[in-house]
Amino acid sequence: MRTDASSFIADLRYENLPRAVVEQARLCLLDLAGVAAAGTATDMSKIMRNHAVENSGSSTRTARLL
């Protein structure tokens, strides 16, 4: 049995979204991409990537990190 929230999500269609919501989502995704790209050059980012690689349990080191 679906709850009201799950029904809303399951029945939601892109074409029914208000234009303002779509525009805000685009801005948020653009901001995320910009912050992620800029953050790759920081010392903290390098430390966190190295830590994730060393502690992820994968020996192939093929996973992508955001």
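# Close-up views of a predicted chain

**View 1. Ser45 is part of helix α3.** The model shown here is predicted. Ser45 is buried, because its relative accessible area is 14% and the buried class covers values under 20%. Two contacts of Ser45 are Gly39 and Thr40, leaving aside residues up to four places away in sequence. Ser45 is also one of the residues that line the largest pocket.

**View 2. The largest pocket has a volume of about 220 Å³.** Which residues line the largest pocket? They are Ala36, Gly39, Thr40, Ser45, Met48, Arg49, Leu65 and Leu66. By type, the lining holds 4 nonpolar, 3 polar and 1 charged residue. Helices α2 (19–39) and α3 (43–55) each give at least two residues to this lining. Which element supplies the largest share of the lining? That is α3, with 3 residues.

**View 3. Leu66 lies in the segment after α3.** Is Leu66 buried or exposed? Leu66 has a relative accessibility of 83%, so it counts as exposed; the exposed class starts over 50%. Leu66 still has contacts farther back along the chain. It touches Leu32 and Ala36, with residues up to four places away in sequence not counted. Of these contacts, Ala36 also belongs to the lining of the largest pocket, as does Leu66.

**View 4. Two C-alpha distances link Leu66 to other residues of the pocket lining.** What separates the C-alpha atoms of Leu66 and Thr40? The distance is 8.9 Å, and the two residues are 26 residues apart along the chain. Ser45 and Leu66 are 21 residues apart along the chain, and their C-alpha atoms are separated by 9.9 Å. Thr40 and Ser45 are themselves in contact.

**View 5. Glu23 and Arg26 form a salt bridge.** Their side chains meet at 3.1 Å, N to O. How many salt bridges does a search of the whole structure find? It finds 1. Both residues lie in helix α2, 3 residues apart, which is about one turn of the helix. Glu23 has a relative accessible area of 35%, so it is partly exposed. Arg26 is partly exposed too, because its relative accessibility is 47%.

**View 6. The whole chain contains 3 helices and 0 strands.** From the N terminus on, the order of elements is α-α-α. The chain has 66 residues, and buried residues make up 3% of them. Ser45 is one of the buried residues.

**View 7. The chain has an average pLDDT of 86.** A score of at least 70 is reached by 86% of the residues. Which element has the highest mean pLDDT, and which the lowest? Helix α2 has the highest, 95, and α3 has the lowest, 87. Where pLDDT is low, predicted coordinates should not be read in detail.

Terms used: Residues numbered from 1 in each chain as written. Predicted model: local features only at pLDDT ≥ 70, side-chain atom pairs only at ≥ 80, totals over all residues. Heavy atoms only, no water. 1 Å grid on protein atoms, 1.4 Å probe; cavity = no way out; pocket = protein on both sides within 12 Å on 5 of 7 lines; lining within 4 Å. Points joined across faces, edges and corners; volume = space filled by probe spheres on them. Helix = DSSP H or I, 4+ residues; strand = E, 2+ residues; numbered from the N terminus. Nonpolar A, V, L, I, M, F, W, Y, C, P; charged D, E, K, R; others polar. Buried < 20%, exposed > 50% of the residue type's maximum accessible area, 1.4 Å probe, protein only. Contact = heavy atoms within 4.5 Å. pLDDT = per-residue confidence, 0-100. Salt bridge = Lys/Arg side-chain N within 4 Å of Asp/Glu carboxyl O.
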